[in-house]
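Student: Could you take me through one part of this model in detail? I would like to look at how a pair of helices packs, and at what lies around them.

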Amino acid sequence: FAAATAATDRLLADWDAIAARGGDAVRTELGTNGVKSPLFQIDKAVKVLVQSELVEDPVAFSEAAEEYLLGLGRADSMAYSANFAGGSGKPTPPSVYIAKSKAEVELIKRYEKEMQAALAK
């Protein structure tokens, strides 16, 4: 979990450089495109963690974890959509989807803090 938190910190700190490479670069950092990110299969790690002795408040941790994983999915979805933005008519530029993805990652940070607070001291 600490490595995942550090990964989202890095992602936000380097957002402009990562996002400039496109939606797939953001997705790689989110662990949904490739296996190198600490966020890869974070859902499985969270499920194990919630049942461990490391969690002092399982209800608070579970609630925050659910929102965290949903936010991660939304961030991935927006980054994925950036890959296909454009086309005929009045297309939405990829930058709009990249910005929405960043907003979700910023929200994820809030849930990471709530999850951290629910861990045993």
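Tutor: Happy to; here is a walk from one helix pair to the core and then to a buried charged residue. Keep in mind that this is a predicted model.

Let's start with the pair. Two packed helices are described by the angle between their axes and the distance between those axes. Here, helix α1 (residues 2-13) and helix α6 (residues 94-118) have axes that come within 10 Å and cross at roughly 145°. The crossing of α1 and α6 is left-handed. On the α1 side, the contact is made by Ala4, Thr5, Thr8, Asp9, Leu11 and Leu12, and α6 contributes Lys102, Val105, Glu106, Ile108, Lys109 and Glu112. By character, the residues of this contact divide into five nonpolar, two polar and five charged.

Now to the core. The largest nonpolar core has 29 residues, and Trp15, Val26, Leu30, Ile42, Phe61, Tyr68 and Met115 have the most contacts inside it. At least two residues of this core come from each of α1, α2 (15-19), α3 (23-30), α4 (42-50), α5 (58-82) and α6. Helix α5 gives the most, with eight residues.

Trp15 deserves a closer look. Leaving aside residues up to four places away in sequence, Trp15 touches Val26, Ile98, Ser101, Lys102 and Val105. Lys102 and Val105 are also among the α6 residues in the contact with α1.

Finally, consider Glu104, also found in helix α6. Glu104 counts as buried because its relative accessible area is 17%, and the cut-off is under 20%. Again leaving aside residues up to four places away in sequence, Glu104 touches Gly71, Arg74 and Ala75.

Notes: Residues numbered from 1 in each chain as written. Predicted model: local features only at pLDDT ≥ 70, side-chain atom pairs only at ≥ 80, totals over all residues. Heavy atoms only, no water. Axes fitted to C-alpha atoms, helices over the stretch in contact; angles between N-to-C directions. Helix = DSSP H or I, 4+ residues; strand = E, 2+ residues; numbered from the N terminus. Left-handed = near helix turned anticlockwise from the far one by under 90°. Contact = heavy atoms within 4.5 Å. Nonpolar A, V, L, I, M, F, W, Y, C, P; charged D, E, K, R; others polar. Core = buried A, V, L, I, M, F, W, Y, C linked by side-chain atoms within 4.5 Å. Buried < 20%, exposed > 50% of the residue type's maximum accessible area, 1.4 Å probe, protein only.
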